[in-house]
Amino acid sequence: MVSHMRQHEPAGSTEVRQRPMLTPQEAAERLNVTLRFIRRLCHEWRVPYTKVGKLVRFDPDELEAWITDHRIVPRS
């Protein structure tokens, strides 16, 4: 189940991040949701995140891709 979490990063990528990782609070603000909701998404493995020791961090590019992937387009 973990494999779907890394679908936007090539295997073996050693690319250095240009932007700092987001905290859960920053990710919640970016999505305009509560911190509790972000924690639930992580617990249910519904959003891509990275563990740094005990800390949870979000790659801004992966979060943006996740938002795009979950966009619902209305029927015409």
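Two residues are in contact when heavy atoms of theirs lie within 4.5 Å. In this predicted model, the buried residues of helix α3 pack against α1 (24-31) and α2 (35-43). This report starts with the overall layout and then moves to the core, the start of α3, two loop residues and the salt bridges.

**Layout and confidence**

The protein has three helices and two strands. Read from the N terminus, these elements follow the order α-α-β-β-α. Of the contacts with a separation of 6 or more, 60% are between residues 24 or more positions apart.

The chain has 76 residues, and 24% of them count as buried. Its accessible surface is about 6200 Å², with 53% of that belonging to carbon and sulfur atoms.

The mean pLDDT of the protein is 85, and 76% of the residues score at least 70. Among the elements, α2 has the highest mean, 98, while strand β1 (residues 50-52) has the lowest, 95. Over residues 1-6, pLDDT stays under 50. For that stretch the model has seven contacts beyond four places in sequence.

**The core**

Which residues make up the largest nonpolar core? It consists of eleven residues: L22, A27, A28, I38, L41, C42, V47, V56, F58, L63 and W66. Helices α1, α2 and α3 are the elements that give two or more residues to this core. The largest share, three residues, comes from α2.

A27 shows how parts of the chain come together. Apart from neighbours within four places in sequence, A27 is in contact with L22, I38, F58 and L63.

Helix α3 spans residues 60-69, and its buried residues are P60, E62, L63, A65 and W66. Among them, L63 and W66 belong to the largest nonpolar core. An α-helix has 3.6 residues a turn, so residues three or four places apart point the same way.

**The start of α3**

D59 sits in the loop between β2 (55-57) and α3. Is D59 buried or exposed? Its relative accessibility is 3%, so D59 counts as buried, the cut-off for buried being under 20%. A side-chain oxygen of D59 comes within 2.7 Å of the backbone nitrogen of D61 at the start of α3. The D59 side chain also reaches the backbone nitrogen of E62, at 3.0 Å.

**Two loop residues with positive phi**

N32 lies in the loop between α1 and α2. Although N32 is not a glycine, it has a positive phi of about 60°. N32 counts as exposed because its relative accessibility is 70%, and exposed means over 50%.

W45 is found in the loop between α2 and β1. W45 is not a glycine either, and its phi is positive at about 55°. With a relative accessible area of 32%, W45 is partly exposed.

**Salt bridges**

How many salt bridges does the structure hold? It holds three, and they are listed here with the distance between N and O atoms.

| Salt bridge | N to O distance |
|---|---|
| E64 and R30 | 2.6 Å |
| R40 and E44 | 3.6 Å |
| R46 and E44 | 2.8 Å |

Side chains of opposite charge can pair when their charged atoms come close.

The closest N and O atoms of E64 and R30 are 2.6 Å apart. Because E64 lies in helix α3 and R30 in helix α1, this pair ties together parts that are 34 residues apart in sequence. E64 is partly exposed at 36% relative accessibility, and R30 is partly exposed at 42%.

R40, E44 and R46 are linked in a network of salt bridges. In this network E44 meets R40 in one salt bridge and R46 in another. E44 counts as partly exposed, with a relative accessibility of 34%. R40 is partly exposed at 43%, and R46 is partly exposed at 40%.

**Recap**

The buried residues of α3 pack against α1 and α2, and each of these helices gives two or more residues to the largest nonpolar core. The salt bridge of E64 with R30 links α3 and α1 as well. At the start of α3, the side chain of D59 reaches the backbone nitrogens of D61 and E62.

Notes. Residues are numbered from 1 along each chain as its sequence is written. This is a predicted model: local features need pLDDT of at least 70, side-chain atom pairs count only at pLDDT 80 or more; totals for chains, interfaces and linings use all residues. Side-chain values use heavy atoms; hydrogens and water are left out. Buried means under 20% relative accessible area, exposed over 50%, partly exposed in between (1.4 Å probe, protein chains only). Helices (H or I, at least four residues) and strands (E, at least two) are DSSP runs, numbered from the N terminus. A polar contact is a pair of N or O atoms within 3.5 Å; within protein, one must be able to donate a hydrogen and the other to accept it, and residues adjacent in sequence count only if both atoms are side-chain atoms. pLDDT is the predictor's confidence in each residue, from 0 to 100. Accessible areas come from the Shrake-Rupley method with a 1.4 Å probe; for residues, only the protein chains shown count as cover. A nonpolar core is a set of buried Ala, Val, Leu, Ile, Met, Phe, Trp, Tyr and Cys residues joined through side-chain atoms within 4.5 Å. A salt bridge is a side-chain nitrogen of Lys or Arg within 4 Å of a carboxyl oxygen of Asp or Glu.
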